[in-house]
Amino acid sequence: MRLAFITSNPGKVEEARKYFEPLGVEVYQLRMEYPEIQADALEDVAIFGVEWLSRKIEEPFFLDDSGLFIDALDGFPGVYSAYVYRTLGIEGILKLMRDVANRRAHFRSVIAYWDGDAHLFTGRVDGEITTSPRGSGGFGFDPIFKPLGFGKTFAEMTTDEKNLVSHRGRALRAFAEWLKENLK
Ligand code: ITT
Ligand code: NA
């Protein structure tokens, strides 16, 4: 089986592949624009996205909507993470966090799979915003996010190390387990 991952982000696809190879499912990147609505919850954005795309795509597919939520900024950038990454960037976030003692933050990931109905799988990881960027792996905010209990940022980890603890890794494991049961 081939399974389309609707995303502009090749880093997400790399993270997803290893969960599906053991199931004999080949995940491939399909770039298709879809409206990302202004909503308070990642779930709403993801569901709107799959339902909109389901009118254009014949085969089973999924997408992932993620966000970084910083405690001291009341959850900002949250659902605005993609826009904030493109505009303020990592340096802009570090500037907002200058002299802020509470560095706590978390990532959330919502995967929406469409097989005629929408199925949601979610994951979360708690951590801290570092005071400077570290590492060259991963993508997005990885150089400034250090998961709790680890000495490394996500950008200093291999894909396998990041997957073990990350928001997306957790959502992908739940999705892959569900798919295994439902492909029988
Ligand atoms: P899509 O085409 O799949 O939407 P995107 O990169 O825009 O790709 P999101 O909207 O889900 O993805 O992500 C919001 C922002 O959060 C975006 O700038 C990402 O780079 C960043 N982000 C998402 N997951 C991340 C992760 O695992 N590590 C670091 N940054 C992440
Ligand atoms: Na996005």
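**Ligand sites and Arg170 in a predicted model**

Student: Which residues does Arg170 touch, leaving aside those up to four places away in sequence?
Tutor: This is a predicted model: local features need pLDDT of at least 70, side-chain atom pairs count only at pLDDT 80 or more, and totals for chains, interfaces and linings use all residues. Residues are numbered from 1 along each chain as written, ligands from 1 in written order, and side-chain values use heavy atoms, without hydrogens or water. Contact means heavy atoms within 4.5 Å. On that basis Arg170 touches Thr122, Gly123, Arg124, Asn163 and Val165.

Student: Why does Arg170 count as partly exposed?
Tutor: Buried means under 20% relative accessible area and exposed over 50%, with partly exposed in between (1.4 Å probe, protein chains only). Arg170 counts as partly exposed because its relative accessibility is 37%.

Student: How far apart in space are Arg170 and Arg124, C-alpha to C-alpha?
Tutor: In sequence, Arg170 and Arg124 are 46 residues apart. In space, the C-alpha to C-alpha distance is 7.2 Å.

Student: What distance separates the side chain of Ser8 from an oxygen atom of ligand 1?
Tutor: A polar contact with the ligand is a pair of N or O atoms within 3.5 Å. Lys12 places a polar side-chain atom 2.8 Å from an oxygen atom of ligand 1. For an N or O atom in the Ser8 side chain, the distance is 2.6 Å.

Student: Which residue supplies the protein donors of the sodium ion, ligand 2?
Tutor: Donors are N, O and S atoms within 2.8 Å of the metal (3.2 Å for Na, K and Ca); water is not among the atoms, so sites may look incomplete. Here the donors are OE atoms lying 2.4 to 3.1 Å from the ion, and they belong to Glu36.

Technical notes: Polar contact = N/O pair within 3.5 Å; in protein donor to acceptor, adjacent residues only side chain to side chain.
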